[in-house]
Amino acid sequence: MVLALFGLGAFVGVRMGGRYADRCPRLVVGAGGGALCLGWGALALGAGEPVLACGLGLVQGALSFGVGSTLISQALCAAPGAPTLAGGLATAAFNIGAACGPWLGGTVIDTGGGYRAAVWVSAGLVAVAVAVAGVLKGTATGG
């Protein structure tokens, strides 16, 4: 059920992300990334509550794919002379994350962290990504 709701949320996230990515991509990525991090933390804390877990599955799907699709569109915009290369690199980066995230989550479960620890790994990875994006934004704008 939660995976189905995540998938429905992903559909909504791509549609909504697409609507707002052209107008305010930094807001979508910044606010969406922050909300995504908080949502993973909320899921880690409330995973034992079925209604909360289902609701957060939907929300996290929407946020994940809204932010993700916006990031890919920004990669394409940043490289107008090589959009195929930019799209390929952006997709490769997401695939690396799709491999490393579950590996890290499984590692913390194997070391005795429990199943919720894997969700905390998700929150931590998003927090690192948001922090790196903030640093890069500061260097790109000179501040």
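Which residues of α2 are buried? In this predicted model, they are Pro-25, Val-28, Val-29, Gly-32, Gly-33, Leu-36, Gly-39, Trp-40, Gly-41, Leu-43, Ala-44 and Gly-46. Several of these names turn up again below, so here's a quick tour, helix by helix and then residue by residue.

**Helix α2 and the nonpolar core**

- Helix α2 covers residues 25-46, and with its 22 residues it reaches 30 Å from first C-alpha to last, close to the 32 Å expected at 1.5 Å a residue.
- The largest nonpolar core is made of nine residues: Leu-36, Trp-40, Leu-43, Ala-44, Ala-53, Leu-56, Val-119, Ala-123 and Val-126.
- Three helices, α2, α3 and α5, each put at least two residues into this core.
- Helix α2 gives the largest share, with four residues.
- Take Val-126, one of the core residues: setting aside neighbours within four places in sequence, Val-126 is in contact with Gly-33, Leu-36, Cys-37 and Trp-40.
- Of those partners, Leu-36 and Trp-40 are themselves listed in the core, while Gly-33 is among the buried residues of α2.

**Helix α3 and its neighbours**

- Helix α3 runs over residues 50-78.
- Its 29 residues reach 41 Å from first C-alpha to last, close to the 42 Å you'd expect at 1.5 Å a residue.
- The buried residues of α3 are Ala-53, Leu-56, Gly-57, Gln-60, Gly-61, Ser-64, Gly-66, Val-67, Gly-68, Thr-70 and Ser-73.
- What do these buried residues pack against? The answer is α1, α2 and α4.
- Helices α1 and α3 pack at an angle of about 35 degrees, and their axes are 6 Å apart.
- In that pairing, α1 passes α3 in a right-handed crossing.
- Sorted by class, the α1 contact with α3 has 12 nonpolar, 12 polar and no charged residues.

**A closer look at Gln-60**

- Gln-60 sits in helix α3.
- Is Gln-60 buried or exposed? Its relative accessibility is 1%, so Gln-60 counts as buried, the cut-off being under 20%.
- Leaving out residues up to four places away in sequence, Gln-60 touches Phe-6, Ala-35, Leu-36, Gly-39 and Trp-40.
- Two of those partners, Leu-36 and Trp-40, also belong to the largest nonpolar core.

**Helix α4 and how it meets α3**

- Helix α4 takes in residues 83-113, and it packs with α3 at an angle of about 150 degrees, with the axes 8 Å apart.
- Here too the crossing is right-handed, with α3 passing α4.
- On the α3 side, the contact is made by Gly-68, Leu-71, Ile-72, Ala-75 and Leu-76; on the α4 side, by Pro-83, Ala-86, Gly-87, Ala-90 and Phe-94.
- By class, that comes to eight nonpolar, two polar and no charged residues.
- In α4, the residues Ala-86, Gly-87, Ala-90, Gly-101 and Gly-105 are buried.
- The 31 residues of α4 should span 45 Å at 1.5 Å a residue, and the end C-alpha atoms are 42 Å apart, which agrees.
- Right after α4 comes Gly-114, which has a positive phi, near 85 degrees.
- Ala-93 is another α4 residue, and with a relative accessible area of 48% it is partly exposed.
- Ala-93 and Gly-41 are 52 residues apart in sequence, and their C-alpha atoms are 23 Å apart in space.

**Val-121 in helix α5**

- Val-121 belongs to helix α5, which spans residues 115-140.
- At 15% relative accessibility, Val-121 counts as buried, because buried means under 20%.
- Not counting residues up to four places away in sequence, Val-121 touches Gly-101, Leu-104, Gly-105 and Val-108.
- Among those partners, Gly-101 and Gly-105 are buried residues of α4.
- The C-alpha atoms of Val-121 and Gly-46 are separated by 15 Å, although their places lie 75 residues apart along the chain in the count of sequence distance.

**Met-16 in helix α1**

- Helix α1 covers residues 2-21 and includes Met-16.
- Met-16 has 36% relative accessibility, so it counts as partly exposed.
- From Met-16 to Gly-46 the C-alpha distance is 26 Å, and the two are 30 residues apart along the chain.

Note on methods
Residues numbered from 1 in each chain as written. Predicted model: local features only at pLDDT ≥ 70, side-chain atom pairs only at ≥ 80, totals over all residues. Heavy atoms only, no water. Axes fitted to C-alpha atoms, helices over the stretch in contact; angles between N-to-C directions. Left-handed = near helix turned anticlockwise from the far one by under 90°. Contact = heavy atoms within 4.5 Å. Nonpolar A, V, L, I, M, F, W, Y, C, P; charged D, E, K, R; others polar. Buried < 20%, exposed > 50% of the residue type's maximum accessible area, 1.4 Å probe, protein only. Expected span 1.5 Å × (residues − 1). Core = buried A, V, L, I, M, F, W, Y, C linked by side-chain atoms within 4.5 Å.
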